[in-house]
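Here is a short briefing to read alongside the sequence and the structure. It starts with one helix pair and then moves out to the chain contacts and the confidence scores.

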Amino acid sequence: MNFNIWLILAVFLPIACGVLILFFPGLKKRNLLLGVSFLSLAVSMLCALAVIAEGKAELHLLQFGGSLEVYFHVDPLGRVFAAVITVVWLMAGIFSCEYMKHEKEEKRYFGFYVLVYGVLMALCFSGNLVTYYMFYEMMTLTTLPLIMHNKSREAIMAGLKYLFYSLCGAYLVLFGIYFLNRYAGTLDFTAGGSGLEAAGGHSALMLVVVFLMILGFGVKAGMFPMHAWLPTAHPVAPAPASAVLSGLVVKMGVLGIVRVIFYVVGPEVIRGTWVQTAWLTLTLITVFMGSMLAYREKVMKKRLAYSTVSQISYILFGLALLNPEAMTGSLLHVVFHACVKSCLFLSAGAVIYKTGKTRVDELTGIGKEMPVTIWCYTFASLALVGIPPASGFISKWYLAGGSLESGIPVFSWLGPVVLLVSALLTAGYLLPITIRGFLPGADYDYEGLQKKEPSGVMVIPLLILAGLSVLLGTFPNPLIHYLNEIIGTLF
Amino acid sequence: MFGSNLLPNLGEVVAMILFGIGFANLLLQKNLIKKIIGLNIMDTAVYLFLAIKGYIEGRSAPIVVDGVQEVEAYINPIPSGLVLTGIVVSVSVTALMLSLTVRLYKRYHTLDLDEISSRLKKEGI
Amino acid sequence: MSQYWIVAAILLPILGGALTPVLPFRSRRGMLIYLEVLTIATSAIVLTALSRGTTETLHLVYFVRGLSISFRIDGLAMLFGGLVSILWPFAMLYSFEYMEHEGHEKIFFMFYSMTYGVTLGVAFASDMLSMYLFYELLTLVTVPLILHTLVREAILAVRQYLYMSLGGAAFALIAIVFLMVYGDTMEFTLGGVLNPAVIGGETNRLLFVYLLAFFGFGVKAAIFPMSAWLPQAGVAPTPVTALLHAVAVVKAGVFAILRLTYYSFGAEFLKGTWVQPIVMGFAMFTIVYGCSRAVKEQHIKRRLAYSTVSNLSYIILGASMMTPAGMVGAMAHMVCHAFMKIGSFLCAGAIMHQTDKKYIYELNGFGRKMPVVFGCFTVSALGLMGVPGLAGFISKWNLAKAAVESENVMAYFGIGCLLISALLTAIYMMSIVIRAFFPGRDFDGRSTEGVRDPGWKMCFPLLCFAAAVIAIGLCSDPLICFLQDIAAGIY
Amino acid sequence: MAFVQNVPFFSIMLSMFSGIVSSILPGKAAKRLNTAVILVIGAASAWLLSWLMRTGGSFTFMMGHFPAPWGNEIRAGALEAGMALFFCVIMLLSMLGGRKKLFDEVEVTKHNIYYILTDLLLSSLLALVYTNDLFTAYVFVEINTIAACGLIMIRQNGRTIEAAVRYMIMSLLGSGLLLMGICMLYDLTGHLLMSNIKESVAAIMAAGTYQIPLTITIGLVTVGLAIKSALFPFHAWLPDAYGYSTVSSAAMLSSLVSKGYIFLLIKIFYCVVGFDIIVGSKIPNVLFLFGLSGMIFGSISAIWEKDIRRMIAFSSVAQIGYIYMGFGLGTTEGMVASIFHILAHAATKSLLFVSAIGLTDVSAGSRNFFDLTGSAYRNKVAGVGFSVGAMSMVGIPLFSGFVSKLLFAEAAVMHPTHKMMPTLIVLAVSTILNAIYFLKTVVRIYVPEKREVEAEKGYFTMKAGQQRLYTITIILFILINLVLGMMSEPIIGIIETGLIHFI
């Protein structure tokens, strides 16, 4: 039982520290602030690691009315997400203590940064839908200040857009929860889902409800048609913030869908129904459209945001296929994409931090100026495009395989095609930066060139993340085995 | 059939017609004096009606001249009494109306009620 | 025994209030102490009486046809009376500081405390006619409070208020007479008093009459066509707007509708008839209508008033489900909304009192200057949005639960309306909060100079209400169980 | 025969002779005499009422020992005695309330005339209440009319005379119809005593002859009295008559004269024709329609009216509509409700007139709605009085108006036919309209006027101490209102027993 203490700490210590940092009038001096925040972050991460390492722990925290209960339960899936989050969060944190120099009000930033970590942990470890929803809302509200950090007009507008889109999604989910609360066996997450025996004659209703919930979480995951907030919100946030936003926060939407479909409703309920078809269609549209938009986008962070839109829908597509192999692919892609996309955003951030250039066409010869950054960027992009042996290849392989064997009429072949096309597009929108960056062409003046490599504090996270994104692809087997175990329990 | 008992009750019919005339005058005439005349016609019609009701063919007034004869000899005295009362009332009412009319005429030098009220509106009392 | 206490509690504030302008107070302070003592004493009496809990009826005066003015403590009465008697002392305390500069204090406080007594009368009246009596008195007693400022709008608002509520009451009277004729007794009894033997073929006529009465009482409950008076009445001093137009008066309307539906006509009689969809439809429309008007409104108090309009219809929606669960949901929202809305109104009042700002676009950057006020405001705003862990979520949860269980397709759409309005609520509340905390880059501090939190008399109630919102949100079981007992007719 | 049975006769005679005597008395003495007479008669009626309630039942009193069908009779039951008592009380209060105003508006030399008229009015009212003889009733109707006309025109200005003329004309039309009706009834039945007529009418109905003439007769009588009591379409004379005469007259006219006629109509319905025959003829339906439309249109014209006195007058058109609506329902409950509303409206309306005069006085005599701003602060008593009256009219519980409204509604709900819903709806709507014009005024008089405006318009403040009599009157009025509102049970009991004795 003593691990429950760790669990509580892992969730509430960062939240408490965050609140403290926000309201504690001291902490004027920057170093003090950084010290405090990183200390608290580190401690809570240790607690989180302890929980992850221990594996299974559960905790009925408090009963706030009827069947409403805050209940934590650590299960393998949660452990994966938690681990990924912890790593990336740490990296982005380190990066940001250099990056945030040229932003104001760091106090608020770090306060919320620490706080959100706790919320995410809570999401990973939450043991029933109510708890999940509760912290899901909290996540929306607490990430808001990160997005609106520089109080510029468009930042605030973007923040509002983000808020309303997410709430819209959240309420769709809530709508579903109301019904599941009545018709599902239980709202606790049980592998494979508890089925909807109680639903009886309401199967049609249930399908609608499930579809609405998918849409709802899909908002956070940037799934068409509710993706519009993502390319608006991510670019205005400070780079490390946008890194974690599009690397991790969007994944919470994915986690939500996984929890609903595979842990509450059960995949069998929607297999072969119109819901699955609609869902697949939406994901494929998103995949294609996302990469097209990214291809046409000129502002770098926007382009990355669009790429997030399409990449997350890879994951959703894999889930929608409802077969083990594809699901393995999805979960792998969750992990890989987290590392890759945060790495990409961070490097974009490094570029902005050093040169202040945001548009792609300004970046000619950037590779000469800051080679390390751009190399990290290049490796990450290769991983995302899916060049073997880098990570993206593995996940996409599984996704394609899964879709082929799923034997769903059209999608089984349409899916892989779309994936390939979008992979080409991905290459098309990511790699030019590298090429133009290293091969600026003849008319580039090599005299005016000076090295702008950022300091180690920024480079190291980049290196680590880039390394991860390649290495995870080279030696994926332990991860795959672990995921297979999880998935084995689901079908 | 309807017309058949019209002739026997000629008196009642006349009374009713008179009553209607009087009523209409009292209601519709602009001129106050004419109104009052209408009033009197109306009352008179009622008296006529009563008188006819009270009179029975071939009997005499219930005045004892030479010894009381049997009841059939006399007509019903009550209507006559009513007529008298009615006349008293109508006279007093007429007097009142006339006095009012005189007052109004002294003030406004007209007998047209509507014109008087329009003038009052102007005065705005 | 304790119903005599109730009579005392009703008369005490009425007489005490009536004495206020007459008594020779040596100082303003003296008067304030007198008033506060009066109020607290009343609340104490009420609460003790409630704790004693008795169900005997006390007949005070008999007037025509053996109808009497009589009081009884039953579940619903306990709820409403308890709620009012808890809120009133705080509001009174608040108004001391607020009214300092408004003038005509004695008159104001006279009617303010008289209203208290009358409201208690509405709560504890044991039959339709007594309730009607106090209902009418409530209308009249609150007139001077709205009229207080004596500006032109105030007079117009008062006229509208008078005509609408009295007119509504006139229609309600019809139903009362019908109950006299068609019912066994005038006494409120859960499940209705109608006597099926007498009804015979008159069912449709009775339903029509119910509809009339529903809209009659619906005037105070601000159902759509009759909701116009509520925003107009916002010209009143804030303590009035907060306590009366968020709790006492409007809740009296809702209370009356609950009495009418569950205690006089009886849910069973109405359920599934043609009136139910009509009633429900109007409630749903009002929910959305109120919110959307609130979004358009720029005047703080009017915006809150419109939000009240929509929230009241949440309660009506719950009531219109005609099931015990629905009644529970309705009552739950009655309580929760009371705390949240009075909190937010008092915050608005504090803003207007400290800085004569009335419009939302004037609030840039106040968050920093008045942390307490805006902290509380944020709490109640989140509560109204229905963020889990706060009061609003609980009540909405119960409402939606009832809707799902009622298995009435229209009720499902009702849930939809709840969520739409929740989204709109987020828009109109959060836009205030964000504006206050994120004034935007081009914001200069000069406009908020000298702005600071009000004195303790105002802050204390605010904090209490915010605390209450959180407390209910985190541990609602006792409340909900109590409500369920009421709906089951145990009290 | 118990001595108390002489009370009806004596009270009629007493008031009439006091009137005659007053003609040679100076104003002050006449005033005292009048007050004393009213008090005495009131007390006597109370005594009679208590006696009747104790013994139960009613009695007829033959004048000059001629037995029916020749002699003239007086009939007294609980209802008559109660009415007499009530009329006395209201008349007394109205006189007290308007006394001060009388000195301003009527020159002193005419005061004794005023009191003569009042005495005559009282005697004729009592006669109308008590008499058992139709023709006597007609005569006293005329006397009543003349007295009322005098009361209107006692205040000498063009308006009042014009109003008096209009009033006379309308009521002469009415009495003409009434007289015609009575004569035809006499023609049909050969009797003038109510009880005898009733028997022979029943016989006629049984025989099934003379149906049409009978219906026409009833129609004539009803319409005649309806015109005299200003039922909706015949109300044109009312606003001026009530609006411009001196306040006591207005109060008495609105609360007593018209009520006297209505009471006579009730007697004719019950004691002359017989209620079920009335219901059988379609006349109640006509009254019903007129009543409903009166309730609406009276209130609407009151809303448009800017002159407070005329506004109150129009509101009585609406209230008379209520009463006839009760008749129109054609059920005993409806009758009871109407009779109670006669009381309630009489009490309230005179209160309203009296307090309105208090308000206009402190507003430099202007009766315009807007000049009354803040007058309730200048004359607190009148303000309170007016508010109470308004609330009662709007039908706030605890006041008399509410009870009568409740009774009407109950009667409507118990009504078997399709009249139920229209009645209820119109009741509700007219309540809203009442609320509109009355409470608008209440709000207006409680909105304080600016000091400088008051100074310039020459407004002044009237303390309760400076107008003791007035204050007492208002308080008494309010008390009556509350009694009617809260202890209505026994009163309704009296009404019901009285109606039973009618049949």
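H14(D) and H17(D) make a left-handed crossing. The coordinates come from a predicted model, and the points below follow chain D from this helix pair to the neighbouring chains.

**The helix pair in chain D**

- Helix H14 (residues 332-362) of chain D and H17(D) have axes that come within 9 Å and cross at roughly 165°.
- Angles over 145 degrees count as roughly antiparallel, and the two helices H14(D) and H17(D) are therefore roughly antiparallel to each other.
- On the H14(D) side, the residues that meet H17(D) include D:Val336, D:Ala337, D:Phe340 and D:Ala344.
- On the H17(D) side, the residues that meet H14(D) include D:Val403, D:Leu407, D:Phe408 and D:Met414.
- Glutamates take part from both helices: D:Glu333 belongs to H14(D) and D:Glu410 to H17(D).
- The residues of this contact divide into 10 nonpolar, six polar and two charged.

**Where chain D touches chain C**

- This contact draws 26 residues from chain D and 24 residues from chain C.
- Helix H17 (400-414), helix H18 (420-445) and helix H21 (488-502) of chain D are the elements giving two or more residues to the chain D side.
- H18(D) gives the most to that side, with nine residues.
- By class, the chain D side comprises 21 nonpolar, two polar and three charged residues.
- H17(D) thus has two roles to look at in your viewer: H17(D) meets H14(D), and H17(D) also gives residues to the side that touches chain C.

**Where chain D touches chain B**

- Here chain D contributes 21 residues and chain B contributes 29 residues.
- The elements giving two or more residues to the chain D side are helix H5 (134-153) and helix H6 (158-189) of chain D.
- H6(D) gives the most to the side that touches chain B, with 15 residues.
- That side of chain D divides into 14 nonpolar, three polar and four charged residues.

**Chains that stay apart**

- Chain A and chain D share no contact, and their closest C-alpha atoms lie 42 Å apart.
- Chain A and chain B do not touch either, with their nearest C-alpha atoms 66 Å apart.

**Confidence**

- The model scores ipTM 0.83 and pTM 0.87.
- Chain D has a mean pLDDT of 88, and 100% of its residues reach 70 or more.
- Among the elements of chain D, helix H16 (residues 380-394) has the highest mean pLDDT, 92, and helix H19 (residues 451-457) the lowest, 79.

Notes
Residues numbered from 1 in each chain as written. Chains lettered and ligands numbered in written order. Predicted model: local features only at pLDDT ≥ 70, side-chain atom pairs only at ≥ 80, totals over all residues. Contact = placed C-beta atoms within 7 Å. Helix = DSSP H or I, 4+ residues; strand = E, 2+ residues; numbered from the N terminus. Nonpolar A, V, L, I, M, F, W, Y, C, P; charged D, E, K, R; others polar. pLDDT = per-residue confidence, 0-100. Axes fitted to C-alpha atoms, helices over the stretch in contact; angles between N-to-C directions. Parallel < 35°, antiparallel > 145°, perpendicular 65-115°, else oblique. Left-handed = near helix turned anticlockwise from the far one by under 90°.
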